Amino acid sequence: CVVAFNPALEFPVFVVLSLLPTLCLRFKVFEASIGRTLRALKVLTRRSVVINHIIETAIQPLSRAFEMTLVFFASNLLVNATPNNWSIKLPSHWVFLDPNGDGILSALEIQGGFHKWSQGLLLAVLATTLGRWLLSAKAPPAHYEDEAAESERGVIRRYWMGLRKGRGPAMVIDLFLSLSIVAATALEWLKFLNISPQTVLTFGGVGGLALGLASQTVVGNVVSGLLLLVTQPFAIGDKIYTGERQGVVKGIGWSSTKIEEDDGSIVIIPNQSVVDTDTVNLSLTQNRMLTFTLPFRVPKGGTDTCRQLLATIKTQLKTHPALEGILVEEPDAVLDYENSKPSITVEAVLDGQVVSDDDLAPIKSDVLISVMDTIRAAGCKIGGLT
């Protein structure tokens with residue numbers, strides 16, 4: 001109204017109005033109010049872990065959203081301070097900045113163009129803030145306890161339990177949600193930059209084909225990781241035997257599985273290798289697997305010596321005092337020849353009701369020493385020993 005009656009006051013009025021959001025930003029008026037309000041809600045809903053987590057993760061994003069909105073209003077009010085009768089003639093190489101192309105940039109054109117540009121930027125920034133909040137809200141809280149989760153039932157609790165265990169449909173749902181959030185945010189930025197999604201998909205399809213051909217192994221590991229998460233053959237904390245590796249599962253990622261072996265070493269196995277080989281989940285069975293491989297040098301006598309040595313080891317395993325009463329099935333000794341080096345692999349399945357994980361190490365040590373003595377008694381030399 002003041003500007004309508006006195007146009008000369010247009011510039012100072014809009015400048016003063018633009019200072020109001022700036023002062024709110026400077027003294028964090030809305031941030032403090034939002035923080036107090038949401039923390040008060042947390043107190044009222046303290047019995048609900050889910051609602052408390054959602055409120056906690058919303059405090060910072062909501063404050064940032066209000067800050068960006070205040071910046072939007074302050075900058076637009078400042079631009080609107082430009083007198084309506086103001087204009088400037090653009091040089092020929094700057095004519096593209098003029099919306100109507102007449103070479104004269106007026107105050108109304110500046111105000112309209114800036115408002116449209118800043119509005120698109122605000123929407124993109126708000127979409128990014130919302131996306132970051134959703135990504136943090138869908139993740140289980142750091143203090144989330146399994147005991148508390150099992151005391152109540154609900155879809156979100158089961159979802160969080162699945163994420164904590166790193167297995168099952170929850171991991172697939174989490175991937176789908178993450179990709180959807182990132183895609184929605186990216187689309188908002190493409191809209192702001194005036195880039196057609198069809199153009200991105202066209203060039204992305206060509207690039208994706210070339211990338212796919214060059215990264216078949218990576219794709220295979222990711223697909224295998226997805227298969228492991230859906231079929232759930234093992235979980236974090238389970239003891240497994242896969243290929244030539246045995247240990248406790250420490251992590252199941254999209255491309256690899258991490259296990260800790262008995263000696264404390266961490267082994268990272270590509271998921272495709274886990275899927276392609278036979279894997280035994282020792283935590284789901286009552287049995288324990290005793291296995292080791294010994295490289296050796298064959299003396300004169302060749303295959304006849306090897307046959308006799310394997311038969312002697314099998315008999316020795318059947319009658320070994322450390323294995324008495326705990327063998328579930330007949331033990332085996334197999335000859336292998338790889339990289340021009342022969343080796344003998346010993347395998348024995350033990351009763352898990354009698355043998356614990358702590359018992360397995362001394363039993364394995366005892367059997368290993370006996371087999372090494374048998375190999376040396378046959379005139380063979382064991383790799384690493386003189």
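Okay, so E260 and K250: their side chains meet in a salt bridge, 3.3 Å from N to O. This is a predicted model, by the way, so keep that in mind throughout. The pair links distant parts of the chain, with E260 sitting in strand β5, residues 256-261, and K250 in strand β4, residues 245-252, 10 residues apart. Are these two buried or exposed? In between, actually: E260 comes out at 28% relative accessibility, so it counts as partly exposed, and K250 is partly exposed too, with a relative accessible area of 42%.

How many salt bridges does the structure hold? There are 6. As a general reminder, side chains of opposite charge can pair when their charged atoms come close.

Another one is D174 with K138, and there the closest N and O atoms are 2.5 Å apart. D174 belongs to helix α8, residues 169-192, while K138 belongs to helix α5, residues 107-138, so this pair ties together parts that are 36 residues apart in sequence. What about burial here? D174 has 16% relative accessibility and counts as buried. K138, at 13%, counts as buried as well. The cut-off for that word is under 20% relative accessible area, which is why both of them qualify.

One more salt bridge, and this one leads us to the sheet. The side chains of D332 and K314 meet at 3.5 Å, N to O. D332 is in strand β9 and K314 is in helix α12, residues 302-319, with the two positions 18 residues apart in sequence. For D332 the relative accessible area is 29%, partly exposed. K314 is also at 29% relative accessibility and counts as partly exposed.

Now, that strand β9. Where does it sit in its sheet? We have an open sheet of 4 strands, in the order β9-β10-β8-β11, and the pairing is antiparallel. The edge strands are β9, 332-338, and β11, 381-382, each pairing on one side only. In general, strands of a sheet pair through backbone hydrogen bonds, either parallel or antiparallel. Here, β9 is joined by 7 bridges to β10, residues 341-351, and those two run antiparallel. If you want a spot to look at, find L335, which stands opposite I344 in β10.

And what lies across this sheet? Helix α13, residues 357-377, lies across β8 (287-297), β10 and β11. Relative to β8, helix α13 runs at about 30 degrees.

That brings me to the core. Nonpolar side chains tend to be buried together in soluble globular proteins. The largest nonpolar core in this model has 24 residues, and I313, I344, L350, V371 and I375 touch the most other members. Which elements give two or more residues to this core? They are β8, α12, β10 and α13. I344 you have met already, as the residue in β10 opposite L335.

Take V371 as an example. Setting aside its neighbours within four places in sequence, V371 is in contact with F292, L294, I313, Q316, L317 and V346. There's also a second, separate core of 16 residues, and its members include A170, V249, V267 and I269.

Next, cysteines. How many disulfides does the structure hold? The count is 0. Look at C306: the closest cysteine sulfur is in C380, 6.7 Å from the sulfur of C306, and that's too far for a bond. To be a disulfide, the two sulfur atoms would have to be within 2.5 Å, so this pair doesn't make it. C306 is buried, with a relative accessible area of 10%. C380 also counts as buried, at 5% relative accessibility.

Two last residues before I stop. N194 has a phi near 60 degrees, a positive value in a residue other than glycine. You'll find N194 in the loop between α8 and α9, the latter being 197-214. At 72% relative accessibility, N194 counts as exposed.

S224, in contrast, counts as buried, at 9% relative accessibility. S224 lies in helix α10, residues 216-231. Not counting residues up to four places away in sequence, what does S224 touch? The contacts are N271, Q272 and V275.

How values were computed. Residues are numbered from 1 along each chain as its sequence is written. This is a predicted model: local features need pLDDT of at least 70, side-chain atom pairs count only at pLDDT 80 or more; totals for chains, interfaces and linings use all residues. Side-chain values use heavy atoms; hydrogens and water are left out. Two strands pair if DSSP finds at least two bridges between them. Contact means heavy atoms within 4.5 Å. Axes are lines fitted to C-alpha atoms, for helices over the stretch in contact, and angles run from 0 to 180 degrees between N-to-C directions. A salt bridge is a side-chain nitrogen of Lys or Arg within 4 Å of a carboxyl oxygen of Asp or Glu. Buried means under 20% relative accessible area, exposed over 50%, partly exposed in between (1.4 Å probe, protein chains only). A nonpolar core is a set of buried Ala, Val, Leu, Ile, Met, Phe, Trp, Tyr and Cys residues joined through side-chain atoms within 4.5 Å.
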